[in-house]
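Hello,

Here is the structure I promised to pass on to you. Have a look at it first, and then read on for what turned up.

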Amino acid sequence: MEGNNKSYGVNLRNEKSTKLVVLEAVIDLMSYFEIQNKMKESCEENLLALGMLADLPLETFLKENPQIKEIIFALDHDEKGQEATEKLIKKYQQRGFEVCKYQYPEQYKDINDYLKLGFQGRKIPLTRGRL
């Protein structure tokens with residue numbers, strides 16, 4: 001959209017948390033939030049939907065939230081999303097952040113797909129792969 005400031009994504013902040021979950025789309029952010037609420041009755045991490053695969057919103061969020069120490073990537077499970085994840089992991093590891101990614105079963109395109117088709121209220125967390 002013309003005039004859209006791509007420096008900002010959609011986010012839910014928790015200034016007490018040092019963790020940030022980075023998602024691709026707003027619907028994925030909402031789905032992640034829903035899964036966490038069903039599993040733990042709360043979502044304590046900071047959440048950021050990039051709205052794209054570039055990290056400009058992530059850079060802005062990190063500048064405005066210096067308490068962040070750990071970044072958890074949960075981008076889409078398609079080729080472009082996984083390529084972007086690998087690039088971002090390397091970049092932010094080099095900058096000293098603790099970095100990992102969520103790994104959900106391959107049959108699901110993204111976290112929203114997992115919520116709709118696979119999660120169904122089970123108390124089974126998504127797998128976090130440390131790198």
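Which elements do the buried residues of H2 pack against? Please keep in mind that this is a predicted model. Helix H2 covers residues 56-64, and its buried residues are Pro57, Leu58, Glu59, Thr60, Phe61 and Leu62. They pack against four strands, namely E1, E2 (19-23), E3 (46-49) and E4 (70-74), and against helix H3 (79-94).

Next, the interior. The largest nonpolar core contains 19 residues, and Val21, Leu23, Tyr32, Ile35 and Ile111 are those with the most contacts inside it. Two or more residues of this core come from each of E2, H1, E3, E4, strand E5 (98-103) and helix H4 (111-119). There is also a second, separate core, made of 17 residues, including Leu50, Leu62, Ile68 and Ile89. Leu62 is thus a member of that second core as well as one of the buried residues of H2.

If you want one residue to centre your view on, try Val21. Leaving aside residues up to four places away in sequence, Val21 touches Tyr32, Glu45, Asn46, Leu47, Leu48, Ile72, Ala74 and Tyr102.

Now the aromatic rings. The structure has four aromatic pairs. In one of them, the ring centres of Tyr108 and Tyr114 lie 5.4 Å apart and the planes meet at 70°, so this pair is edge-to-face, the cut-off being over 60 degrees. Both partners are buried: Tyr108 has a relative accessibility of 11%, and Tyr114 has a relative accessible area of 6%. Elsewhere, Phe73, Tyr92 and Phe97 make up one aromatic cluster.

Finally, the surface. Val10, Val26, Ile27 and Met30 form a nonpolar patch there, with about 310 Å² of accessible area together. Helix H1 supplies the largest share of the patch, three residues. Val10, by contrast, sits in strand E1 (residues 10-12). Val10 counts as partly exposed because its relative accessibility is 40%, between the limits of 20% and 50%. Ile27 belongs to helix H1 (residues 26-40) and is partly exposed too, at 40% relative accessibility. From Ile27 to Ala49 there are 22 residues in sequence, while their C-alpha atoms are 8.5 Å apart in space.

Happy browsing, and all the best!

Definitions and conventions. Residues numbered from 1 in each chain as written. Predicted model: local features only at pLDDT ≥ 70, side-chain atom pairs only at ≥ 80, totals over all residues. Heavy atoms only, no water. Phe/Tyr/Trp six-rings, centres within 6.5 Å; stacked < 30°, edge-to-face > 60°. Buried < 20%, exposed > 50% of the residue type's maximum accessible area, 1.4 Å probe, protein only. Patch = residues over 30% accessible without salt bridge, like charges linked within 9 Å, V, L, I, M, F, W, Y side chains within 5 Å. Areas by Shrake-Rupley, 256 points an atom, 1.4 Å probe, with all protein chains shown as cover. Salt bridge = Lys/Arg side-chain N within 4 Å of Asp/Glu carboxyl O. Contact = heavy atoms within 4.5 Å. Core = buried A, V, L, I, M, F, W, Y, C linked by side-chain atoms within 4.5 Å.
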